[in-house]
Every structure is written in C-alpha cells, then in structure tokens.
Amino acid sequence: MTDTHHRARFLVPAVALALAAMSGCASPTSIAVAPTVATAEPAAQVAAVTPLTVAAAISQQTGSSQTVRGYVVGEPTATSTVKRSGFTGDTAIALADSASETDTGDMLYVQVTSAYRSAYGLKTNPGLLGTRLDVTGSLSAYFSHPGLKSPTAISASGVTPTTTPPTATPTTTSPPSSGIGDYYDDAVGKTGNSLHTALHQIISTDVQKLSYDQVWDALKVTDQDPKNSGNVILLYSGTSRSKSLNGGDADDWNREHVWAKSHGDFGTATGPGTDLHHLRPEDVTVNSDRSNKDFDDGGSESDEAPGNFTDSDSWEPRDAVKGDVARMIFYMAVRYDGGDGFSDLTLDENTSGGTAPRFGKLSTLLEWNAQDPPDSFEQNRNNAIYEQFQNNRNPFIDHPEWVDAVFG
C-alpha cells in the first residue's frame, strides 16, 4: 500500500619604516603610535569571523551556525560517493581543505538550496570545481554524512557573501517539459503558503479521475521500461517485469500507494486512492514489506529489494528513487487539501503510522528531493500522466526547487 574585516591602517608604522630606510638608519626597535591613528582590531573579534576549516566543521556536527572555508571538490550523490565530472544536479557540493582531495571522509557535504543553485550548483557551473568558497549554514549531517545545511551565505573566499538570495528564482524557472504552455503562470512570483495555494488550484482544476481498475492499464504506460516495451519498472526493487504479470500472486506486481492509503483512510476510492502521481508498480512481496510505513533513513536491508532499508516504522527506498518518492509525497500534500470529500493531507516529523492524514518524515523527504533530482524517467512519467490520463502534473518534478519554497 503501499532538509569583512577592515584592514588596520598602520600608516604611522609604515611611514616610519620608510623614513628610516631612506635615512640609512637601522630599523627602529620601537615606534610610538598615537591611538587615534592606528587601532588594532580586538583578537576576540577577529576569531569570531575566522571561517572554520573543513576538518573542524566535520568534527563539529552540532547543528550550530558556522562559516566554513573549503575547496569545491565535487557533487555528492550518496554517503560515500562524490562525482568530480559529469555532474547531474545543482543541489549539493562537497568541500575539502585541499582542492585535490579524493577521500570522502575528509569532505563536507553542503546543501545548495534553490536560491543559490544558479550560482553555485555544479551542473550549471562545472567550472566551480577547485574554487575556494566560504559557506555559512547549519553544521548538520547531509546524505548521512558530515555536512552543512540550509546555507544563509555563500561566496568565493574573500568576496562579500551572498546573503540576500533572489526571491523570484524558485518561481521563474522554465519546466523541463513540453506542451504545457502557461500551466504554471498563476504560481509565478509566489512562495510559501501563497505558492502552496496556487499550485493546489492549478493541479486540482479539470482533473480526469481514474477508477482503480483503470490504474492497471495506466501504469503499463506510465512506468514502461524504456528498454523493453513489454515490461514495467518496479519502483523499489528497480527490476523490469512483464506487464502481463500484474496481480496478487508471488512474483506478480501490484499497485503501490506511495502515500499509504491508510494515512487518511481513503482506500482505493476514486481520487487520492487512484491518483497516478503516487501509484507505482511494485513486487507483491516488497509492497507488503513496505506496508504503510512512513519514510526515513535507516533499518535493515530488504531481502527482496536490496538497496532498500526498513525498520518497525519506516521505509528507506533505494537511492535512485529517493527523490521520486519525496516528490510524490509533496504532490499529495498539495493536491489533497481537504476538498473533494477527502482529508487534508499534511506532512510532519513523525514516523508513527496510523490512520491520521499525515506523513513523515518531512526533513528526510526534503533531503531526498535535493539528493536525487528528477531524471528522464520521472519527467516522462509526469508528461504521460498529464497528456494521456489525468490532465494534471506534479509541479515538484517540473520545479523541484519549489519543494523548499513550499515546505522548507
């Protein structure tokens, strides 16, 4: 069912030294300086603005806000994986004390939120590799690795930091899809609750609803294996399985409700229970193992779906679909706001299950959205749902930066 320093003006000492040199005198052993001419900055004040090294930041994962100085050495894509070329996203950078560092254990993973991606994302700015940056933010784990999250300032070292990001950025990016024209016009220029409301209205207007039986055939289109038109790709296991093997027996695939249907008690009713934007094919046994658990990191690896982890109250999908799962959950929380006769679906920090119309863990889902940006499979699926079935889109696939603008 299944997250400047002023230069001290030592003008008198400098002049005195120059005069001494010109007169042929030895360098003076002392120089009296009037306090009104040159005053050194207090040592404590200098220390307060001195950036931490990456090594120090790694050892101080306390959640405190600090400025860290380091060289950009790549794009983190997993706990122990950093890409140094062929960058796939603008959502994260790795910093190190040496520009040539290759050991991920000596790197700090930095979250690049939407306001900074156009300037500091590696996919957009691959030439950033090797640049020394000063980044201010919260020293907190990212990708389950020592990190810095929610930056409030980023700048090239020695340059005045960017502390006031352009607020229009999240709502002016053109979506990576075709044929949707002015679909998002009413969302442009909005953020927070205003953006939430605008997106809800957009994706809830003129929607075509499917029956639960119709979902079977729709999934054979939306989740078709690009390399084998007779198969579908299963969400959690990632395996390719024959379209004809849909059903309820072992080794069949069935309809996985990513937002578990018990969380809001909507069952398979036309509406949230049949919304293709959160329904995916999955192996019957794996579907049962995931059950109605919330999403979070950790647990024991699934025997049936290696790369997925689970414990008593949460499920962690494989890395390649973490963002897919997060964006489906974010879609549901915006699409179903208490109208249509269904509950208002909300997000929180709990992993408690139950029938309440809520889902977690929000902070983890935010990390997953940043960690795993939309790929061509997810984008093509969004297009198919819009063009062939429901006449609405998942805005967080077209604009993953809107996740932070609404939920961050």
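# Notebook: salt bridges, cores and strands

I began with the pair Arg358 and Asp294, which form a salt bridge whose closest N and O atoms are 2.8 Å apart. Arg358 belongs to strand E17 (residues 358-359) and Asp294 to strand E12, so this pair ties together parts that lie 64 residues apart in sequence. I looked up the burial of both partners and found Arg358 and Asp294 buried. I note that the model is predicted.

**Entry: other salt bridges**

I searched the whole structure for such pairs and obtained 16 salt bridges. One of interest joins Arg117 to Asp404, with the closest N and O atoms 3.4 Å apart. Since Arg117 sits in helix H4 (residues 117-120) and Asp404 in helix H12, the pair ties together parts 287 residues apart in sequence. Is Arg117 buried or exposed? Arg117 has 10% relative accessibility and therefore counts as buried. For Asp404 I found a relative accessible area of 17%, so Asp404 is buried too, the cut-off being under 20%.

I then turned to Glu256, which forms a salt bridge with Arg290; the closest N and O atoms are 2.9 Å apart. Glu256 is part of strand E10 and Arg290 of helix H7 (residues 284-290), so the parts tied together are 34 residues apart in sequence. Both Glu256 and Arg290 are buried. I also recorded a network of salt bridges that links Asp223, Arg280 and Arg381. As background, side chains of opposite charge can pair when their charged atoms come close.

**Entry: strand E10 and its partner**

Having met E10 through Glu256, I examined the strand itself. Why is E10 largely enclosed by the rest of the structure? Five of the five residues of E10 (residues 253-257) are buried, which is why I describe the strand as largely enclosed. E10 pairs with strand E11 (residues 279-283) in the antiparallel sense, over five bridges. Within this pairing, I located Asn254 opposite Glu282 of E11.

**Entry: helix H6**

I listed the buried residues of helix H6 (residues 212-222): Tyr212, Val215, Trp216, Ala218, Leu219, Lys220 and Thr222. I next asked what covers the buried residues of H6. The cover includes E10 and E11, together with strand E7 (224-225), strand E8 (228-233) and helix H10 (376-389).

**Entry: the four-stranded sheet**

Strand E12, which holds Asp294, led me to an open sheet of four strands. Its order is E12-E15-E14-E13, and the pairing is mixed. Which strands are at the edges? They are E12 (294-295) and E13 (300-301), each of which pairs on one side only. E13 is joined to strand E14 (residues 309-310) by two bridges, and these two strands run antiparallel. I identified Phe309 in E14 as the bridge partner of Glu301.

**Entry: nonpolar cores**

I looked up the largest nonpolar core and found 45 residues in it. The residues with the most contacts inside this core are Leu199, Trp259, Phe295, Phe330, Leu347, Phe396 and Phe407. Helix H5 (192-203), helix H8 (322-335), helix H9 (362-371) and helix H12 (402-407) each supply at least two residues of the core. H8 gives the largest share, nine residues. Another core, of 22 residues, lies apart from this one; Ala56, Leu95, Tyr116 and Leu128 are among its members. The general expectation is that in soluble globular proteins, nonpolar side chains tend to be buried together.

**Entry: Leu199 and Ala187**

I followed Leu199 further. With its neighbours within four places in sequence left aside, Leu199 is in contact with Tyr184, Ala187, Val334, Pro395, Phe396, Trp402 and Val406. Of these contacts I chose Ala187, which is found in the loop between strand E6 (147-156) and H5. How accessible is Ala187, and is this residue buried or exposed? Ala187 has a relative accessible area of 0% and is therefore buried. Ala187 and Thr197 are ten residues apart in sequence, and their C-alpha atoms are 8.8 Å apart in space.

**Entry: the whole chain**

I closed with totals. The protein chain has twelve helices and 17 strands. Of its 408 residues, 49% are buried. The chain exposes about 17,800 Å², and carbon and sulfur atoms supply 50% of that area.

How values were computed. Residues numbered from 1 in each chain as written. Predicted model: local features only at pLDDT ≥ 70, side-chain atom pairs only at ≥ 80, totals over all residues. Heavy atoms only, no water. Core = buried A, V, L, I, M, F, W, Y, C linked by side-chain atoms within 4.5 Å. Buried < 20%, exposed > 50% of the residue type's maximum accessible area, 1.4 Å probe, protein only. Contact = heavy atoms within 4.5 Å. Pairing = 2+ DSSP bridges. Salt bridge = Lys/Arg side-chain N within 4 Å of Asp/Glu carboxyl O. Areas by Shrake-Rupley, 256 points an atom, 1.4 Å probe, with all protein chains shown as cover.
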